[in-house]
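Hi,

Here is the structure I said I would pass on. Have a look at it first, and then read on for what turned up.

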Amino acid sequence: MSARERREALTGYAFVAPSALGVGLFVLLPMLLAFGLSFTSVNSFGQIDFVGWDNYRRMFADPQFAHSMRVTALYVGVFMPGVYLTALGMALLVNGDLPARAFFRTAFFAPYSVSLVVVALVWRYLLSDRIGAVGTVLRSVGVAPPSFLGDPDVALWTVTGISIWFLVGFYMIILLGGLQDIPRELYEAARLDGAGPWRTLVDIVLPMLRPTTFFVLILATIAGLAGLQAFDLVYVMTQGGPDRSTSIGIYFIYEQAFRFDQFGYASAVATWYAFALIVLTGAAFRLTGGGRFGHDDR
Amino acid sequence: MATTTARRTRHTRGAGPGRARRRGLRVRRAGLLVLAALVATVQLFPLVAMVLGALKGPAEAGSRHLVPREPTLANLAAVFDHVPFGLYLFNSLVTSVAVTVLAVGFGSMAGYALARLRFPGREWVFGAFFATLLVALPVIIVPLYVVVTRMGMGNTYAGLILPVAFTAFPVFLMRQFYVRFPRDLEEAADLDGAGYVRRFFSVVLPLSRPMLAALGVLTFLTTWNGFLWPLIVARDRSLWVVQVGIATFQNQYGGDWNLVMAASLLAALPTLLMFVLLQRQIVESVATTGLKG
């Protein structure tokens, strides 16, 4: 190795070191620990006992865990297609022949600029049973408003709807990028063939948009499962209730670990969660041939 | 699309069926505009309602009408009287600035090294970063808490800042950026005999300003708006960030919607201002980081 090469290598190591150390300590180490902790019983005082498969046995026998998984599946099952279709509609709207497109793009995206805690508080205000604006509007057109956050049959859909409202602008921007990559000539060709807006959408836009669509669906599935946005909403709006109807997976993990001090049990649930995420993203990447992450035009 | 339509309209001017088609287009355009206005109302209304709610006096706080008859700014001051809101804001500011500086600084250094500098084990190190890219916080939240408290960083600023600052995302994003960075700009610096460190800091970094700004703005926004990690790691009230502060505020003043909305408005104000001032950059950085990250 020449002196010059050695200097380059040393600089490389020095540049990578802080990030490598930090990510190793705060991401990689917890990743490895997560699996280990799931075989132990740990409390908040740091006492650790090895308990074998106990946490997993308990998990599969726990009706609250099963219920929480059902809630998570319902949430993701509605959130993922819901946010995609709404975002696609918005992207098509602002990509087309619309006056004041820049204004509308900003307006659609605006909810994303405030925090989810603020979002949760504002929607609690708008949905409150007595003075909420949504109920007032519904009553004025003769519809009796449900108790959006108090009815176990409604609360989860309220949280799902607000998650979509919050994130839809983000996915709209990504889909808009995909739409703008479609060559103009294709639209022109479709028009000369006498294709209307619907045919153009089905025969040209959707096929051309397929990579972006896959990417957005994967992102939305991970976001829905990981449920960070749902956690903030659930924590502030419902605390997992009413009747555990909004107890999504991430809230269940939080509750077990940080309310009931069941660190080992929470780790088992988190490991199960990681497994589900890996299987799902693995399947998605296999299907899309590596998605967009693999490519590297050096 | 706009130009296509213009051309189409000119082509068909005067002809009978063309006029019908033009009218059809105009109706369609108006329909789309109405639809867009409706959607925009749904997206903006809650934010407007927050501002209006924050301006209601105590007498109007429990009323149904949205627009305050006698708007007042007293609620904003009252929030500071009821809870140490200034401290919450300060904690959020310190945390967000520190996280942004660390993530952008170290992220760009590591990203540059992984893209441009040759050293043994580079692909292996990149693989390790990449493997953690999709790790979701819920999966590691418990062991992360154990690691951070074991290191004595529970209830400290370090505990609030470091785990948020060090993720694979900025490293990955900056690496992808530097892989596409034109080489000749750097090579000019090489001819001057500049060392690798100086080359990076005096040539490469200044030229990557737009990307650094995009990453910085996005990091600041997400850190300021983050809730789960600060909620867990900072149990001590003196370390609460503003999101934790307002989430707790509603437990005490839940019925006083004017106060709750005033606290929400104060918490949202910095990011709302950033959004209004930097909206184009934010949208663009979501477009680039969303697509590549």
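How many residues of chain B are in contact with chain A, and how many of chain A with chain B? Keep in mind that this is a predicted model. In it, 111 residues of chain B touch 96 residues of chain A. Interface size is often quoted as the accessible area that is lost when the parts come together. Here that buried area comes to about 9,400 Å², with carbon and sulfur atoms giving 73%.

On the polar side, the rule finds 2 salt bridges across the interface of chain B and chain A, and there are 14 residue pairs in polar contact between the two chains, both partners at pLDDT 80 or more. Helix α2 of chain B (residues 16-54) supplies the largest share of the side of chain B that touches chain A, 18 residues. By residue type, that side of chain B splits into 77 nonpolar, 19 polar and 15 charged.

**The salt bridges**

Over all chains the structure holds 7 salt bridges. One of them joins two chains, because E8(A) sits in helix α1 of chain A and R118(B) in the loop between α4 and α5 (122-132) of chain B. The closest N and O atoms of E8(A) and R118(B) are 3.1 Å apart. The two partners contrast in exposure: E8(A) is buried, at 5% relative accessibility, whereas R118(B) is exposed, with 60%.

Within chain A, E255(A) forms a salt bridge with R244(A), again given by its closest N and O atoms, at 3.1 Å. This pair links distant parts of the chain, with E255(A) in helix α12 of chain A and R244(A) in the loop between α11 (228-237) and α12, 11 residues apart. E255(A) counts as buried at 9% relative accessibility, and R244(A) as partly exposed at 22%. Leaving out residues up to four places away in sequence, E255(A) touches R244(A) and F260(A).

R191(A) and E188(A) meet in a salt bridge too, at 3.4 Å from N to O. Both lie in helix α8 of chain A (residues 184-192), 3 residues apart, or about one turn of the helix. R191(A) is partly exposed at 26% relative accessibility, and E188(A) is partly exposed at 23%.

**R116(B) and S19(A)**

R116(B) is in helix α4 of chain B. Is R116(B) buried or exposed? With a relative accessibility of 8%, R116(B) falls under the 20% cut-off and so counts as buried. Its side chain reaches the backbone oxygen of Y178(B) at 3.2 Å. For the backbone oxygen of F181(B), the distance to a polar atom of the R116(B) side chain is 2.3 Å; you may want to look at that one yourself. Not counting residues up to four places away in sequence, R116(B) has contacts that include E8(A), R122(B), P182(B), R183(B) and E186(B). V179(B) is 63 residues from R116(B) along the chain, yet their C-alpha atoms are separated by 7.1 Å.

S19(A) belongs to helix α1 of chain A (residues 3-37) and is buried, with a relative accessible area of 2%. Beyond its neighbours within four places in sequence, S19(A) is in contact with G24(A) and with several residues of chain B, among them F106(B), G107(B), F129(B) and V171(B).

Helix α1 of chain A comes up once more with helix α7 of chain B (residues 157-165), where G159(B), L160(B), I161(B), P163(B) and A165(B) are buried. The buried residues of α7(B) pack against α1 of chain A together with α4 (85-116), α6 (137-150) and α12 (228-233) of chain B.

**Chain A overall, and confidence**

Chain A has 13 helices and 2 strands, and its C-alpha atoms fill a box of roughly 75 × 70 × 30 Å along the principal axes. Of its 298 residues, 53% are buried. Among its contacts with a separation of 6 or more, 66% are between residues 24 or more positions apart.

The mean pLDDT of chain A is 87, and 95% of the residues score at least 70. By element, helix α5 of chain A (residues 116-127) has the highest mean, 94, and helix α13 of chain A (residues 263-288) the lowest, 82. Residues 291-298 of chain A have a pLDDT below 50, and this stretch has 19 contacts in the model beyond near neighbours in sequence.

Cheers

Notes:
Residues numbered from 1 in each chain as written. Chains lettered and ligands numbered in written order. Heavy atoms only, no water. Contact = heavy atoms within 4.5 Å. Buried area = accessible area lost by both parts, 1.4 Å probe. Salt bridge = Lys/Arg side-chain N within 4 Å of Asp/Glu carboxyl O. Polar contact = N/O pair within 3.5 Å; in protein donor to acceptor, adjacent residues only side chain to side chain. Helix = DSSP H or I, 4+ residues; strand = E, 2+ residues; numbered from the N terminus. Nonpolar A, V, L, I, M, F, W, Y, C, P; charged D, E, K, R; others polar. Buried < 20%, exposed > 50% of the residue type's maximum accessible area, 1.4 Å probe, protein only. pLDDT = per-residue confidence, 0-100.
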